[in-house]
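I am opening a fresh page for a structure that I have not looked at before. Before making any notes, I want the sequence and the model in view.

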Amino acid sequence: AALGTSVQAEEALDPNTWEEVTNYCNFYEFGTGKGDPSAYADRMTTRPWSVTIDGLVDRPGDYSFEQILGEMTLEERIYRFRCVEAWSMVVPWQGFELADLLNMAGVQGGAKYVSFETLYRPSEMPGTAYKVLDWPYREGLRLDEAMHPLTMMATGIFGKPLPNQNGAPLRLVVPWKYGFKSIKSVVRVTLTDQEPPTSWNMANRREYGFYSNVNPDVSHPRWSQASERRIGGGLFAKRQPTLMFNGYGKEVASLYEGMDLARHF
Amino acid sequence: MHRVNQLLRRLPVWAVYLFGALPAFWLFYLGLTGGLGVEPIKALEHEYGGLALQLMVLTLAITPLRRLAGLNLMKFRRAIGLLCFFYVSCHLLVWLVLDVQIIGEIFADIARRPFITIGMGGFILMLPLAVTSNNVSVRRLGRSWPRLHRLTYAASLLGALHYVMLVKGFQIEPLLYLGAVIAALGLRLPAAPFRRQQPAPKASGGT
C-alpha cells in the first residue's frame, strides 16, 4: 500500500483556512466540544513557559521556551493531519525537528522511547474538572519515530505563533499518526528505556494503540478508518480514501518493517 | 398548576407540531450557511440526535409529571412522540446520506459497530409506534395498543445507550440522558411512589 499512496503524497497540498484550523480542535483540557478549545483556551498562560527534559539525557533540565527557540532553526512544513475520528485537515506548520531538540539535551545510549506530557493546570483548564482522561495528557513515541525527520515540534501555524487551542506555545506533530499522538502544549519530554503509558491507550486499550499509525485497513472498533472527511467541504462534503501512513509511507514504512500493524495498531 | 393546565388546554396541538419541527429546518439552513461551524455534517447529526433524546425524555416524563406534579401534557403526547421520531429520522438520514455516504460502509457499520447496531435497533422499534400513532390504529388495536407502545421504553433505553457508547473517554452528558431515561422508567415500576398512592387510571395504560 505504501508504494501506491506515496504518489498521492507528492501532490501539492492545499492547506485548510485559519478559521478551520483554529475553530475545530480536540483539546479535552478545555472541554470535549470541538469549539470548546477556541472558546476557553485563552485562559491558559503560556508565558513564561519551560519544558522539562529529563530521563536518559546528558543535559537534563528545565529549558525555557525562549532558550529552545534560540537554539532551533524554524522552518515551514505543510502536512496532512488525520484525526482518529475520521476527519482531516492540511496544516501549514512552523517549527523544528524533534530530533534537534532531543540532540540539544543529548540522548543517551540506553534510551528507546520518548514520553511527552501536556500542561495540567486545572485553574486554567475547565475541562479537567471532569475525569474524561487521566490527566495530565501523556503521549509517547519510539525513539526512531521521534528522531525521524518528519517528526517536528511546531511553534506556529500560517506564519503566526500557535494559538492556545492548537497547543501553544509548542506541540508535537507526527503526520503519519492519528492526531491525538501529536500532543499539545508540551511541558515535559522524558527519554526512557520502556514503552511509556499514553493517555488514550490508558483510557481504552482496545481502541487506541501505542503506535496509532494512520491505517485504512485497521478499523477503530466503533468506526471505519478506510475513509475520511476533509474539513471545509461544507454540508455536502464527499469522503476521501484514507492513505496508509496518512500518505507518508515512502518516508516511514521502513520504521515498521516486519511488524504486524494490525496487532501493533 | 391548574392555571398552567388551563393555558396548555388552549394551546393547539398543531402549534406543537409546527414549532417542534421548525428547528430541524433552521438547523439545516445553519448547516448550509456556515452557522454550525466548519464541520456541519457531524454538527447537524449531533443536533438532531440531541433533540431526539430530549424529546424522548420529555415523552417519558409526561406520565410521571401528571401524576407527581399534576402537570397535564397528555394532549401533546402523540405530537411529542412523533416529533421525537421525526428527529431520530433526520439524525439517521444525515448519518446515511451526508456522513457515511458509502452503502457498503453503512451496512458494515450497522452490523459491526455495537453503538450503531443499538441505535438502529432503537429506530426500528420506533417504526411500529410511528405507524400506529393515528386514531384509526388506536381504535383498531384496542387493548394491544398500549402494550405495543411500551416499546417506547426499550427504544428510549437503546437511544440513550447509543449516545453513551458513542463518546470518547468518560463524559457526563450522555450519562445524564441515560439517567433521566432510567429514572422516568423507574417511576413506572409497581413500587414507584405514585403507583402506591393511586391505581393507574384505565385510559392511560401506564405509557
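How many C-beta neighbours does A:Glu29 have inside 10 Å, and does A:Glu29 count as buried or exposed? I found 26 C-beta neighbours inside 10 Å, and A:Glu29 therefore counts as buried; the rule I used calls a residue buried if 20 or more other C-beta atoms lie within 10 Å of its own, exposed if 12 or fewer, and partly exposed in between, with C-beta atoms placed from the backbone.

I note that this is a predicted model, in which local features need pLDDT of at least 70 and side-chain atom pairs count only at pLDDT 80 or more, while totals for chains, interfaces and linings use all residues. Residues are numbered from 1 along each chain as its sequence is written, and chains are lettered from A and ligands numbered from 1 in the order in which they are written.

**Chain A: the annotated sites**

I looked up the UniProt record, an unreviewed entry, and under "binding site" it lists A:Tyr28, A:Glu29, A:Cys83, A:Thr118, A:Asn166, A:Arg171, A:Ser182, A:Ile183 and A:Lys184. I keep in mind that such positions are given in the numbering used here, that feature names are shortened, and that annotations may be inferred rather than shown by experiment.

I then placed A:Glu29 in the loop between helix H2 (18-23) and helix H3 (36-40) of chain A, where helices (H or I, at least four residues) and strands (E, at least two) are DSSP runs numbered from the N terminus. Leaving aside neighbours within four places in sequence, A:Glu29 is in contact with A:Thr118, A:Met125, A:Gly127, A:Thr128 and A:Tyr137, contact meaning that the C-beta atoms, placed from the backbone, lie within 7 Å. A:Thr118 is also on the "binding site" list.

Next I turned to A:Arg171, which sits in strand S9 (residues 171-173) of chain A and counts as buried because it has 22 C-beta neighbours inside 10 Å. Not counting residues up to four places away in sequence, its contacts include A:Ser182, A:Ile183 and A:Lys184, and these three names appear in the "binding site" list as well. A:Met153, A:Ala154 and A:Leu162 are also among the residues that A:Arg171 touches.

From the same kind of unreviewed annotation I copied "domain: Oxidoreductase molybdopterin-binding", which covers residues 45-200 of chain A. I found the end C-alpha atoms of this span 25 Å apart, and the span is 14% helix and 37% strand.

I also checked A:Asn201, which lies in helix H7 (residues 199-203) of chain A and counts as buried, with 21 C-beta neighbours inside 10 Å. Its contacts, leaving aside neighbours within four places in sequence, are A:Tyr208, A:Gly209 and A:Phe210. The C-alpha atom of A:Asn201 is separated by 9.6 Å from that of A:Ser212, 11 residues apart along the chain.

**Where the chains meet**

I recorded 26 residues of chain A in contact with 19 residues of chain B. On the chain A side, H2(A) gives the largest share, 3 residues. That side divides into 12 nonpolar, 6 polar and 8 charged residues, where Ala, Val, Leu, Ile, Met, Phe, Trp, Tyr, Cys and Pro count as nonpolar, Asp, Glu, Lys and Arg as charged, and the others, Gly among them, as polar.

**Chain B: helices**

For chain B, UniProt (unreviewed entry) lists residues 49-159 as "domain: Ferric oxidoreductase". The end C-alpha atoms of that span lie 9 Å apart, and the span is 85% helix and 0% strand.

Which helix pairs did I follow here? The axes of helix H3 (residues 40-69) and H4(B) come within 8 Å and cross at roughly 160 degrees, which makes H3(B) roughly antiparallel to H4(B). Angles run from 0 to 180 degrees between N-to-C directions, and axes are lines fitted to C-alpha atoms, for helices over the stretch in contact; under 35 degrees counts as roughly parallel, over 145 as roughly antiparallel, 65 to 115 as roughly perpendicular and the rest as oblique.The contact of H3(B) with H4(B) divides into 18 nonpolar, 4 polar and 3 charged residues.

Last, I noted that the axes of helix H4 (residues 77-100) and helix H6 (residues 114-131) of chain B come within 11 Å and cross at roughly 140 degrees, so H4(B) and H6(B) are oblique to each other. B:Gly81, B:Leu82, B:Phe85, B:Val88 and B:Leu92 in H4(B) meet B:Phe123, B:Met126, B:Leu129 and B:Ala130 in H6(B). I count this contact as 8 nonpolar, 1 polar and no charged residues.

How values were computed:
Contact = placed C-beta atoms within 7 Å.
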